[in-house]
Amino acid sequence: MRRLRRLIALLLLLLLPLVAHAGVRLTVKGVDDPLKSAVQAGLTLSQYANRPVSEAQIRRLYEDAPDEVREALEPYGYYEASVQGSLTRAGADDWQVTLTVKPGEPVRITEVHVKLDEAALTIPAIRRAERAVARLKGDVLDHGAYDKARDDVSGALTANGFLGAKLLTHQVRVTRADHSAVVDLAWQAGPRYRFGKVAFQDSQFEPGFLDRFVPFDRGDYFDQADLLRLQQALNGADYFSVVNVRPDVDDASRTVDVDVELQPAKRSVYTGGPFFGTDTGAGIRLGLERRWVNSRGHKWKNELVAAQRLKTLSSLYMIPLPGGDQRSLNFGVNFRDADTATSQSRTLELVGNHTDLWHGWTRTVGAHALIGTFTVGKRGNEADDAPGIERGRSKLVFAEASLSKKHGDNPTFVRHGWSLSVYARSTAGSLLSDTRFSQLAADAKWINAFTRRDRLILRASAGITSTGDFSALPPQLRFFAGGDRSVRGYGYQAIGPRNSFDRVIGGRNLLVASTEVEHYFTRNWGMAAFVDAGNAFNGTDYRPRIGAGLGVRWLSPVGMIRVDVGTPIHDDHAHGIQLHVVIGPDL
């Protein structure tokens, strides 16, 4: 029994710290955040919230509290704060401290004096940083805002080549009597450094090939943004698994050499796997890419797609050209066997084009030669000779030019971004073609997150065609509406002008628009509501079809998965519910 009593006593001693809550309960009144948080963080009393404290300690800490409060508020421009408090025992080992803070009248910045070399002020980024300092005049003195504005000027000087810039004067003179402050800042910018040579280490290419990715010339003024562009260009080329850009500053010659450490990526990339889309059905995709074929940086891409309603085999060979702007010559061949809700086609297409970067846009100019057979207006498994079905054989040679650009803040989940692509196609009359045609089309998308959990997505497509014989155009050169990326609630390419047998045969023109709102319940799961409207049409006979519905969004490990259910609105030709599944990036 005695041994049991000792065991119980020992357990009580061990458990006592777990059940005891000795410490200081601190309450701060009279100020809100960020001042309240600053006061709490600056008080030594806050460190004793869950720690035992003696009566002598708590009384000493309580006496120090007013000075600590005033010290915590000075960085925010409050130099005359007053504090009233109370200290009471809240239990055997607990104490309640209540502090009522009156911050007083804040100190405001009445004068700002900034001195910078005239040569530095001619650079827009430095001038903007200098003006941000000047705009502090009239504001409450906030040491954090002052430090940031000062450091932004120093950072802008360094980023734009003034690598020897010195901050000669940096002081804030506070006059408490009239609650004013004067800011004095002065820099000596010094000489502006220039780029020297660029050296690539461990490259698998012949000398000089990688110079095409360098966005500056030797002798240009140093700019940190150019180093970032060089890094991004080399990463985007997909030749390397490691790209490390290192500036080497030579103060004697006032130049910056650039050493680029590289590690080649895996040369051959094999891809494959199943996929599903409501426009194409279930299928499998296989790919083989040679990231570089030879020491001149040539690339070769091949892809096979075999799905229920789409089969393609494509091969593309790319030859990089000397110089900047990522210029290249591209030659490709594409076989396509497509079966949509309104058409079937088999075509072989040869492509040759030139691509480059033009003011931030991807520009493509080239020529296409297309041959194939097709039927239009077919429904389901009807026979090809059913009344109203149009059959044809195409032979077209046409030029094509396109511009495209996209910008997003996050490639996985875009909160703010947009994309725009425009293309124009035209034959040279009826030379080498069954008919003449010209076509102009554009696609645009805009994404904006208007709250932390909500996104607005707007989308639009438009096109116009001029042709001598519309019946000679294959389905892929006609305009249709309907499908996952068009008007949801309708089948893929199920909307368009109809012939005398009430069969959809496509149109010369296109106009489609979409509005979608997404709300996310968690980081990866959300829902969407959408309204799509549009149609393909001839002339000015535009009568939009409308589809609306709801969807589920899942940001999966393989990318965004969108599952939508849409239905036509007030359409005599279409009824019921259509499922749409899309897997892929936002832009």
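In which strand does Val 422 lie? Before selecting that residue, take in the whole chain.

**The whole chain**

This is a predicted model, in which local features need pLDDT of at least 70 and side-chain atom pairs count only at pLDDT 80 or more, while totals for chains, interfaces and linings use all residues. Residues are numbered from 1 along each chain as its sequence is written, and side-chain values use heavy atoms, with hydrogens and water left out.

Show the chain as a cartoon: seven helices and 25 strands appear. Here helices (H or I, at least four residues) and strands (E, at least two) are DSSP runs, numbered from the N terminus. Along the principal axes, the C-alpha atoms fill a box of roughly 105 × 80 × 60 Å. The radius of gyration is 35 Å, whereas a compact globule of 587 residues would have one near 25 Å; the radius is taken over C-alpha atoms, and the globule rule is 2.2 Å times the number of residues to the power 0.38.

Of the 587 residues, 40% are buried. Buried means under 20% relative accessible area, exposed over 50%, and partly exposed in between (1.4 Å probe, protein chains only). Contact means heavy atoms within 4.5 Å. Among contacts with a separation of 6 or more, 57% join residues 24 or more positions apart.

**Stop 1: Val 422**

Select residues 416–427, which form strand β18, and find Val 422 in it. Val 422 is partly exposed, because its relative accessible area is 32%. Now add Ser 402: 20 residues away in sequence, its C-alpha is 5.5 Å from that of Val 422. Beyond residues up to four places away in sequence, Val 422 touches Ala 401, Ser 402 and Leu 403, as well as Leu 440, Ala 441 and Ala 442.

**Stop 2: helix α6**

Select residues 143–159, the 17 residues of helix α6. From first C-alpha to last the helix reaches 24 Å, close to the 24 Å expected at 1.5 Å a residue; the expected span is 1.5 Å times one less than the number of residues. Show the side chains of Tyr 146, Ala 149, Arg 150, Val 153, Ala 156, Leu 157 and Ala 159, which are buried in α6. An α-helix has 3.6 residues a turn, so residues three or four places apart point the same way. To see what covers the buried residues of α6, add elements including α4 (118–121), α5 (124–134), β5 (166–175), β6 (180–188) and α7 (224–236).

**Stop 3: the loop between β20 and β21**

Go to the loop between β20 (454–467) and β21 (509–520), and pick Gly 496. Is Gly 496 buried or exposed? Gly 496 counts as buried because its relative accessibility is 12%. Setting aside neighbours within four places in sequence, Gly 496 is in contact with Val 504, Asn 535 and Ala 536. Its C-alpha is separated by 8.9 Å from that of Leu 510, 14 residues apart along the chain.

Asp 502 also lies in the loop between β20 and β21. Its phi is near 60 degrees, a positive value in a residue other than glycine. At 35% relative accessibility, Asp 502 counts as partly exposed.

**Stop 4: two more loops**

Select His 570 in the loop between β24 (559–569) and β25 (578–583). The phi of His 570 is near 55 degrees, again positive in a residue other than glycine. With a relative accessible area of 82%, His 570 is exposed.

Finish at Pro 34, in the loop between β1 (23–29) and α2 (35–42). The peptide bond from Asp 33 to Pro 34 is cis, with omega near 10 degrees.
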